[in-house]
Amino acid sequence: MSTLNVQEYGADGDGSADDTPAIQRAIDDASDGDIIYFPEPSAHYRIENSNGGEAVIVIDGDRHANNLSLVGDGRSTVIKMADGVSSTYRMLRHLRPNGFSVTIRDLVFDGNKQNASNADASGTAIEYRSSGATGTGDMLVEDVEIRNCLTNGMNVQFGGVTVNRLTTHDNDGHGIAVHTDSSGHHDPAPVFRNVHSYRNATMGGRYAIDFSGGKGVLEDSVLEDSVNGGGTKCSNGQIEFTYRRVRVQNNPSHSFQNTGDDEDSTIVFDDVIFENGGLNVRLNKSANYIIPDGSALLATGHEPDNRGQIHVLQNATLDASSADVYSNRMSSDEGLNSETSDQCVIGNYYHYENDGGSIKERTNLRIDNQEERDKTNLESVPTADEVGAWTDGERVEDEPEEEDDSEPIETDDESTPESWTPRWASTEADWSVVTGSEYEGEHALKFEADGTDRTRYAMSWDTVGEPSDVEILDKVRVPEFTENDSHGYHGRIYLRSSIDSGTENGYWLEVETPSDGFRLAKYTDGDLTTLNRFGTPSENTFYYRRFRADGDTLSVKIWEATEPEPSAWDVEVTDTDHTDGWVGLGSFDTEAVETDVLSVGVDGESAPGPFSEVSRPPSVSWVAPGDGETVRGDESIAIDVSNVEDDESPTVEYRVDDGSWRDASYESDSGTYVDDWDTTTVQDGAHTLEARVVDADTTDTETIETTVDNGIVVESRRSEDVTETNATLVGELTSLGGLDSVTCSFEWRAVGSESWNGEGTQTREATGAFEATIGDLEADTDYEFRAVAEGSDGDTGRTVPFRTSAADETSNGLSIDRFDVSEKTNPTWTWFDVDWAVSDEDRELNTVVTELRYDGTTVAAESTSISGDTARFSHDLRVRGDVDEIRLSVNDTSNETRTETKSV
């Protein structure tokens, strides 16, 4: 065995000279068992595909020595593509393995995409190529970093590949792509351990790791922060893929989905976390999904997509019969949705704070045990700092918790009061009586559960029975909030409650740690629904809570015990789920809650309390505009009034600069008093706005300051009819600033240019839209424009991007045939329907991606997997925030891409 130094073969490593021939000579000259050594360079080893082929450096099992090792000095040894790459490249390609063995260790591969001259070229760092393969290899990649490739970081097309401690990031395609079906040689399946794949998938429809087809295993790894794509997927040709102790987080598209149609394929999730995805966990197609005995799948914090956080559909099967499935904190949707035509079995289903409830559809779904339980982590799954190149691959143990040295609250010998029954997960051991001078009567009932199992604890007061119309008054405090804000659920009072653990029913009110920390909610057959959140509780503070059910109406008010009881309810909602049941106390967390006073009124009676009703005068406050805000044009006035009885109709007015009072009218949707103020009736500058509410006895006022600015106003609207060389720019003059006429025009430039070009100068004597057409543009280029108005007080609109169409490239037959946009924006969402049609003469269609963009960044995206020669569909995208551009992209299985944009 010899060590062949690439520098002794002529590689300079200065970043300037072409080191490709020297590196290839060293590989060609090696004998079995030799080491090709890359010492730390002065800059980096520069390589290029000047021979016109895709492969830059080749190791071929038919003509090179066996058992070779390519070894560097770690992070400092960088092999980098040369500037100006214009054609497809594979930095290092292994051909025809046939039992061939190669090790790659302690190297960095940099695709240098930032300086490529052809961004549409395909570029990969390491490829295990299937061409001519008759077996599998014995390949090892260890302590390697891959970055900045034009497409995928690594391609694996046959079995026998082991990857350990790999970091792959900032690649435009997949971080890793596995498709052993390309060769048909699957065993032993490729294994990937301690992988950190992040900030990949700049191109839509790509993933941190793509298990396309065949077999593969991913263990102890983190897939995160894809730019425009998802976490991971499986595709056509799949046989069996296993995810073991994997964390998939913060990816804007699907955390997982299956785009293949292979029957009887197997996908295994063995302790896997899917969190904070833009789209859900989609268990679809014909695959058999397995969560092994004793393991868990945790999905949490995904964005809404109307299909549930975990969605089982088509003819997929799910076997989690002896496993745990958690679905928590799904925004606006349900935790689980089963629409499969086959069998879905879950041993333990735990759900928590899913806005739409725990389950949407139950088609072919069997759950052996279902309950509310929070979980934010699986201890066996690593975090990002524990995996990747040059980590030790060992899990970092959690620090032991410090022992609590505080003195316990003294308890007396009294047991749980008579006529109380523990409910749901609670036992008598969770309840005790404590003493102290701070309590009414110097006694209070304390809840505190043993252990750390956060679940549904309750205890009913049997003396009250199971009333329908009922009101509870209690005085409660949480001595200390949980340090984790997401774990602060304490101090519940229940009414109309029933059923045993797992299928609880009833309404309840609780204390939480964060802002909006009082919550009114319900259980219906075990499903949790939040009815309202409000207020900001403090720890170690006594509160009175009055909670009333009267027919279909639930009413709540909460106030500090040192304050008089307010006259108005904080919350009133209508709900028809529950008509009667037991009354009681409880909690969700295990930590201490103290109930000092509890009283109940039934049959419409009010629960007796220590304070009488206090009449408070009405008060007024400004909602819009805000104090110090600059306004122009028609400004919406909104005024809030509190402490008003339901049967009162107060007079609410406002005025400008001590002028005449103007009436504001009540608006039920917002709960405020509103009007429109035409700011053009006053001069530009500072003005005072005063609001007042008047009832029979009192008047309350509030004054704010605003600045009116109604000078010349121009808006940059959109680009239209954009071709390879031309574009029509549209602006709008919305105010002449008191002038008879205003000169309007456009400024435009290529993105990155320092100077602007002028076009379309015209004189406007009235407000309205204006436009100009510009020409001689470069194809497939990003431009930007802005509308300009000149006068005594000129104005410039925002900068709006647009992109010219690509030059006519018909050789591969891939095209976008329709790209129509319909806007459905409302006050809450910026919302668009995008209708599209695409075609490919080569019948190789793969993926269509639609993106909403703002200021050069993608803010929402949706993708659809397609095949064949034509496809048409529509994407429905929305986002809370601004959008200035919509981009549609289609690619084929040869990685050819077409893209069109529209500014909005």
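## Cores and strand pairing in a predicted model

The largest nonpolar core has 86 residues, and those with the most contacts inside it are Ile104, Phe109, Phe192, Tyr243, Phe256 and Phe269. A nonpolar core here is a set of buried Ala, Val, Leu, Ile, Met, Phe, Trp, Tyr and Cys residues joined through side-chain atoms within 4.5 Å. Strand β15 (residues 207-224) gives this core its largest share, five residues. Apart from it lies another core, of 32 residues, with Trp420, Phe534, Val556 and Leu585 among them. Buried means under 20% relative accessible area, exposed over 50%, and partly exposed in between (1.4 Å probe, protein chains only).

This is a predicted model, in which local features need pLDDT of at least 70 and side-chain atom pairs count only at pLDDT 80 or more, while totals for chains, interfaces and linings use all residues. Residues are numbered from 1 along each chain as its sequence is written, and side-chain values use heavy atoms, with hydrogens and water left out.

Leaving aside neighbours within four places in sequence, isoleucine 104 is in contact (heavy atoms within 4.5 Å) with Leu70, Leu92, His94, Phe109, Ile126, Tyr128, Leu140, Val141, Glu142 and Val144.

The protein chain has one helix and 64 strands. Both are DSSP runs numbered from the N terminus: helices are H or I of at least four residues, strands E of at least two. Two strands pair if DSSP finds at least two bridges between them.

Phenylalanine 256 belongs to strand β18. In β18 (residues 254-258), five of five residues are buried. Phenylalanine 256 is the bridge partner of threonine 232 and stands opposite valine 281 in β20. Three pairings are listed below.

| Strands | Sense | Bridges |
|---|---|---|
| β16 (residues 230-234) and β18 | parallel | three |
| β18 and β20 (residues 279-283) | parallel | two |
| β44 (residues 651-656) and β45 | antiparallel | two |

Further along the chain, five strands form an open sheet of mixed pairing, in the order β42-β49-β48-β44-β45. β42 (630-631) and β45 (662-663) stand at the edges with a single partner strand each, so one side of each is left without a neighbour in the sheet. Between β44 and β45, glutamate 653 has aspartate 663 in β45 as its bridge partner.

For the chain as a whole, 54% of the 904 residues are buried. The C-alpha atoms fill a box of roughly 95 × 85 × 50 Å, taken along the principal axes. Among contacts between residues at least 6 apart in sequence, 68% join residues at least 24 apart.
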